[in-house]
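Here are a few short exercises to work through with the model open on your screen. Try each task yourself before you read the solution.

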Amino acid sequence: MSDVPPRRDAPNVVAPPPLILLAFLSAGFALDWLRPAAFLPSAVQYALGAALIALAVALAAAAMTCFLRAGTNIPTYRPATALVVVGPYRFTRNPIYAGMLLFVLGLGVVIDNIWLMALAVPFALMLRYGVIAREERYLDAKFGEAYRAYRAKVRRWI
């Protein structure tokens, strides 16, 4: 009998993406509390930040709706049952993560928190290498040529 546990039908990401988002938001708020640093005039920040947040929510909601219509799982710890290539997935392979990134940027602008803006870069890198790369390997193994054809036509981010 082998001591190796059976491989789960999931991409085995480093952490659930909502927890990664929460960690980066928490770090941004903590850094701003420790060392506040304003960077935008208020006339600009509310309109720009609200637009980014609205775009983020719309993008993520549209992507999740596509998952629900396809009958596949949204959480990364559950198996994918369908390859979703409609809606925002026609333009980006990762609209939920793009939405999360836009949300971090938009929130940073609205509350004038330069730390959230700065943390957007490591957040994007964490998503890219800790989540997306693993999901891509998983989807390639699970859906084979259909995923490779989709990947060849649609960009990872935008």
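**Exercise 1.** Which element gives the largest share of the lining of the largest pocket?

Solution. Keep in mind that this is a predicted model.
- Start with the pocket itself: the largest one has a volume of about 580 Å³.
- Next, list the elements that put two or more residues into its lining: helices H1 (17–34), H2 (42–70), H3 (95–110), H4 (114–143) and H5 (145–153).
- Now pick the top contributor: H4, with 5 residues, gives the largest share.

**Exercise 2.** How many residues line the largest pocket, and which lie nearest its centre?

Solution.
- The lining has 32 residues.
- Nearest the centre you'll find Phe67, Ile74, Thr76, Tyr97 and Glu135.
- Sort the lining by class and you get 24 nonpolar, 4 polar and 4 charged residues.

**Exercise 3.** Is Leu34 buried or exposed?

Solution.
- Find Leu34 in helix H1.
- Its relative accessible area is 61%.
- The cut-off for exposed is over 50%, so Leu34 counts as exposed.
- Leu34 also joins Leu31 and Trp33 in a nonpolar surface patch of about 390 Å².

**Exercise 4.** Place Ser26, class its exposure, and work out how far it sits from Leu116 in space.

Solution.
- Ser26 is in helix H1.
- With a relative accessible area of 41%, Ser26 falls between the 20% and 50% cut-offs, so call it partly exposed.
- Ser26 and Leu116 are 90 residues apart in sequence, yet their C-alpha atoms are 9.1 Å apart in space.

Conventions: Residues are numbered from 1 along each chain as its sequence is written. This is a predicted model: local features need pLDDT of at least 70, side-chain atom pairs count only at pLDDT 80 or more; totals for chains, interfaces and linings use all residues. Side-chain values use heavy atoms; hydrogens and water are left out. On a 1 Å grid over the protein atoms alone, a cavity is a set of points where a 1.4 Å probe fits but cannot get out, and a pocket is an open set with protein on both sides within 12 Å along at least five of seven lines; lining residues have an atom within 4 Å of a point. Grid points are joined across faces, edges and corners, and a volume is the space filled by probe spheres set on the points. Helices (H or I, at least four residues) and strands (E, at least two) are DSSP runs, numbered from the N terminus. Ala, Val, Leu, Ile, Met, Phe, Trp, Tyr, Cys and Pro count as nonpolar, Asp, Glu, Lys and Arg as charged, and the others, Gly among them, as polar. Patches are made of residues with over 30% relative accessible area and no salt bridge: like charges are joined within 9 Å, nonpolar side chains (Val, Leu, Ile, Met, Phe, Trp, Tyr) within 5 Å. Accessible areas come from the Shrake-Rupley method with a 1.4 Å probe; for residues, only the protein chains shown count as cover. A salt bridge is a side-chain nitrogen of Lys or Arg within 4 Å of a carboxyl oxygen of Asp or Glu. Buried means under 20% relative accessible area, exposed over 50%, partly exposed in between (1.4 Å probe, protein chains only).
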